[in-house]
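Subject: Structure handover

Hi,

Here is the structure I promised to pass on. Have a look at it first, and my notes follow underneath.

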Amino acid sequence: MASNNQFVTFNNGQEYPILGFGTWKSKPGEVEEAVKVAIDTGYRHFDCAMFYGNEKEIGDAINQKIDEGAVVREDLFITSKLWNIFHQPNIVESVLKKTLSDLQVEYLDLYLIHWPMAFKEGGLNDDFIPKDDDGATIEGNGSYIDTWKAMEELVENGLTKSIGVSNFNKRQIQEILDVATVKPVNNQVECHPYLTQKKLKEFCDENGIILTAYSPLGSPDNPWKKPEDPTLLEDPKIMEIADKYNKTSAQILIKYQIQRGIMVIPKSVTKNRIESNFEVWDFELEQEDIDQIDTFDCNGRFVHMKGNMHFKDYPFIDEY
């Protein structure tokens, strides 16, 4: 089955669909059907993570669609992420193999270090967010530099085609580049009109690293959202641009990232929204509208992890 999409090309030559399907906060019992709808709609890029707790269901959905003949594995581009308690190099491969088992695939297309911060080291059966007696997350001793060297071995062993990072700032990426024999192809970060990541994108562009935008719709259901926080999908200026093109606010926000050359992974478990979010190929935003959206940037981060600000590798203190 053919699928509309545009592709970006990573620095290793691998092509990846620019529009993907996000699965963060998609609950067990919902995500399997959502992924099947997404495949039927035309999505081929699926963004996953062990931390999300739903990779088994995603694997079931993918396998069902392959068994039906709707897609073959080679049609799909599957991303997952290494969680923060697994930064110790000797455990990285076994953690990835658990993800492969859950997703029921033999390899990943892209594997990311989920955060530069290390939590207290653990195994697959340990708490993903280790807490002390006061309920604070316990910092680990891991170094993302050491973790990166283990990530490179995953490529050499054919377990993933590409590797990258997530939530890394410029300094942290540069430290990876300084030692890498396999360059990161991707940095997945929060990105939307309130947080355009312009400087980080310029740095990544200079180094051949593609950005992926998570929470591109402003993360309306994120667990840290306060009642007074602005709702990007209901921003009057976004709605005005949407009216101009006879599109939804979500379609405008997705197209904005696509036209910037940023991979974008909107998430939904609602059939009509999953389908609507993919209907962005029949229009182009005029440059004046992109320029106007650029002006909305106010460093408005929704996913800030402020409880970890004292960690040595907390990423959001540097300018970008």
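Before the helix pairs, a word on terms: axes are lines fitted to C-alpha atoms, for helices over the stretch in contact, and angles run from 0 to 180 degrees between N-to-C directions. Helices (H or I, at least four residues) and strands (E, at least two) are DSSP runs, numbered from the N terminus.

Bear in mind that this is a predicted model, with local features needing pLDDT of at least 70, side-chain atom pairs counting only at pLDDT 80 or more, and totals for chains, interfaces and linings using all residues. Residues are numbered from 1 along each chain as its sequence is written, and side-chain values use heavy atoms, with hydrogens and water left out.

**Helix 1 and helix 2**

Helix 1 (residues 31-41) and helix 2 (residues 55-68) have axes that come within 8 Å and cross at roughly 40 degrees. The two are therefore oblique to each other (under 35 degrees counts as roughly parallel, over 145 as roughly antiparallel, 65 to 115 as roughly perpendicular, and the rest as oblique). Their crossing is right-handed, meaning that the near helix is turned clockwise from the far one by less than a right angle; anticlockwise would be left-handed.

On the helix 1 side, Val31, Glu32, Val35, Lys36, Ile39 and Asp40 do the meeting; on the helix 2 side, the partners are Glu57, Ile58, Asp60, Ala61, Ile62, Gln64 and Lys65. These contact residues split into six nonpolar, one polar and six charged (Ala, Val, Leu, Ile, Met, Phe, Trp, Tyr, Cys and Pro count as nonpolar, Asp, Glu, Lys and Arg as charged, and the others, Gly among them, as polar).

Several helix 1 residues are buried, among them Val31, Val35 and Ile39 (buried is under 20% relative accessible area, exposed over 50%, partly exposed in between, with a 1.4 Å probe and protein chains only). Their cover includes strand 3 (21-22), strand 4 (45-47), helix 2 and helix 9 (271-277). Right after helix 1 comes glycine 42, with a positive phi near 130 degrees.

**Helix 4 and helix 5**

The axes of helix 4 and helix 5 (residues 170-179) come within 10 Å and cross at roughly 50 degrees. That makes this pair oblique. Tyr144, Ile145, Trp148 and Lys149 of helix 4 make the contact with Arg171, Gln172, Glu175, Ile176 and Val179 of helix 5. By type, there are five nonpolar, one polar and three charged residues.

**Three buried residues**

Leucine 103 is in helix 3 (residues 92-103) and is buried, at a relative accessible area of 0%. Beyond its neighbours within four places in sequence, leucine 103 is in contact (heavy atoms within 4.5 Å) with Cys48, Glu55, Ile58, Gly59, Ile78 and Leu108.

Threonine 147 belongs to helix 4 (residues 144-156) and is also buried at 0%. A polar atom of its side chain lies 2.8 Å from the backbone oxygen of histidine 87.

Serine 162 sits in the loop between helix 4 and strand 7 (163-166), and counts as buried at 1% relative accessibility. Its side chain makes a polar contact with the side chain of glutamine 14 (2.3 Å); that term covers a pair of N or O atoms within 3.5 Å, where, within protein, one must be able to donate a hydrogen and the other to accept it, and residues adjacent in sequence count only if both atoms are side-chain atoms.

Cheers
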